[in-house]
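Me: I'd like to learn how to read pockets, domains and helix packing from a model. Could you walk me through one?

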Amino acid sequence: MLAVLSPGQGSQKPGFLTPWLDLTGTEARLREWSALAGVDLLHLGTDADADEIKDTARTQPLLVAAALLAGEHLPMDDVALTAGHSVGELGAAVLAGVLSAEAAISLAGVRGREMAAACALEPTGMAAVLGGDPDEVLAAIETNGLYPGNRNGAGQIVAAGSLDGLDKLAAEPPARARIIRLKVAGAFHTPYMAPAETALAAVAAEITPADPVRLLLSNLDGTAVDNGAEMVRRLVRQVTAPVRWDLCMRTLADLGVTGVIELPPAGTLAGLVKRDLKGDGAPEIVTLNTPDDLPAARDLIARIGGRS
């Protein structure tokens, strides 16, 4: 079984969409989607610097657009499963047939703007906790009044919440754990994002989704969702709920996934999969970053794809 994965915020790099402009229709598509997202995706994906593309309002629709651009050039009929990390779930939902590209780009634009606005209401942040006993890490996060915004597997849990709480966690980290502050605008996937969830729900209510045509995993609990309306509800809920990528990877292992393609900007999820799904059953991985990587991705699909 083969899975196509869509990365989330933090994976973007300056100019990462530039090579894709060589493919016919890419520039026109980006201009069309820019109008829906309310940001200049063509500029952001090619000429913008690192500071400009780390802005949540810009980054989220940019990442969804990148996933969709690459997905259009893959034989998705032979792909059994899709999943995305955080905002990457919108791209995965399109590739699974739940949302149209236009709906996903529009939702990403709203999601990004509203999460950025929620971040501005109160100073908050996030920090990666690497290593340590998971139960002890979670206990330390709770003790400091923080939330586990992401549980990424591979020994990585992301704490989110007040800056004071993050400072206290860094001052007294759990045993055998290392704290790395993340350069993000605020505490994503926590109750601090409640205003953004409310705004996104209002827009999502106007969308009529379809049921997925392939397995589509949810960040809420790692399970496959077979109902389009339920997936949209989960996409909205995910704004304030922890990203359980660890459970998504457990599902990949339980299903016997033997091949993984990460969509651009690829590398982050591939690294987590490599560290978590090791041994004889480790999946073969292709990181799809430029059109030059398309032949390897198509070859992987041809060899181990299929809708079984």
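Me: Okay, let's start with a pocket: which residues line the second largest pocket?

Reply: Keep in mind that this is a predicted model. A lining is a good place to begin. Here the second largest pocket is lined by G131, G132, P134, R151, N152, G153, G155, Q156, I157, D246, R250 and D276. By class, that lining has 2 nonpolar, 6 polar and 4 charged residues. The space in the second largest pocket comes to about 220 Å³.

Me: Which elements each supply at least two residues of that lining?

Reply: Those are strand 4, strand 5 and helix 11 (245-254). Strand 4 gives the largest share, with 3 residues.

Me: And where does the second largest pocket lie with respect to the domains?

Reply: For that, check which domains give residues to the lining. Domain 1 (2-119 + 190-304) and domain 2 (121-182) both do, so the second largest pocket lies between them.

Me: Let's stay with the domains, then. How many residues of each are in contact?

Reply: On the domain 1 side there are 18 residues, in contact with 15 residues of domain 2. The centres of domain 1 and domain 2, taken over C-alpha atoms, are 25 Å apart. Note from the assignment that domain 1 is written as two stretches, 2-119 and 190-304, while domain 2 covers 121-182.

Me: Now the largest pocket. How many residues line it, and which lie nearest its centre?

Reply: The lining has 33 residues, and Q9, G10, S11, L182 and V184 are the ones nearest the centre. About 760 Å³ of space lies in this pocket. Sorted by class, its lining splits into 16 nonpolar, 13 polar and 4 charged residues.

Me: Which domains does that lining draw on?

Reply: Domain 1 and domain 2 each provide at least three residues of the largest pocket's lining. Among the elements that each supply at least two residues are helix 3 (50-53), helix 6 (101-119) and strand 3 (124-131). Helix 12 contributes the largest share, 4 residues.

Me: What about enclosed space: how many cavities of 30 Å³ or more does the structure hold?

Reply: It holds 1 cavity of that size. About 90 Å³ of space lies in the largest cavity. You can read its lining just as you'd read a pocket's: S86, V87, E89, L90, L107, R111, L200, A204, V232, L235, V236 and Q238. That makes 8 nonpolar, 2 polar and 2 charged residues. Helix 5 (88-95), helix 6, helix 9 (194-204) and helix 10 (228-237) each supply at least two of the lining residues, with helix 10 giving the largest share, 3 residues.

Me: On to helix packing. What describes two packed helices?

Reply: You want two things, the angle between the axes and the distance between the axes. Take helix 1 (residues 26-37) and helix 4 (residues 56-71): they pack at an angle of about 145 degrees, and their axes are 11 Å apart. Their crossing is right-handed. Helix 1 makes the contact through T26, R29, L30, W33 and A37, and helix 4 through P61, A65, L68 and L69. By class, the contact residues divide into 7 nonpolar, 1 polar and 1 charged.

Me: And the backbone? What sign does phi have in most residues other than glycine?

Reply: Most of them have a negative phi, and most peptide bonds are trans. So it's worth scanning for the exceptions. Phi of R176 is near 60 degrees, a positive value in a residue other than glycine. R176 sits in the loop between helix 8 (163-171) and strand 6 (177-181).

Me: Which peptide bond is cis?

Reply: The one from P264 to P265 is cis, with omega near -5 degrees. P265 is in the loop between strand 8 (259-262) and helix 12.

Me: One more. Which residues does P14 touch, leaving out those up to four places away in sequence?

Reply: P14 touches A48, D49, A50 and I53. For this sort of thing, set the separation along the chain against the separation in space. P14 and L44 are 30 residues apart in sequence, while their C-alpha atoms are 7.9 Å apart. P14 itself belongs to the loop between strand 1 (2-6) and helix 1.

Key:
Residues are numbered from 1 along each chain as its sequence is written. This is a predicted model: local features need pLDDT of at least 70, side-chain atom pairs count only at pLDDT 80 or more; totals for chains, interfaces and linings use all residues. Side-chain values use heavy atoms; hydrogens and water are left out. On a 1 Å grid over the protein atoms alone, a cavity is a set of points where a 1.4 Å probe fits but cannot get out, and a pocket is an open set with protein on both sides within 12 Å along at least five of seven lines; lining residues have an atom within 4 Å of a point. Grid points are joined across faces, edges and corners, and a volume is the space filled by probe spheres set on the points. Ala, Val, Leu, Ile, Met, Phe, Trp, Tyr, Cys and Pro count as nonpolar, Asp, Glu, Lys and Arg as charged, and the others, Gly among them, as polar. Domain bounds come from an automatic or database domain assignment. Axes are lines fitted to C-alpha atoms, for helices over the stretch in contact, and angles run from 0 to 180 degrees between N-to-C directions. A crossing is left-handed if the near helix is turned anticlockwise from the far one by less than a right angle, and right-handed if clockwise. Contact means heavy atoms within 4.5 Å.
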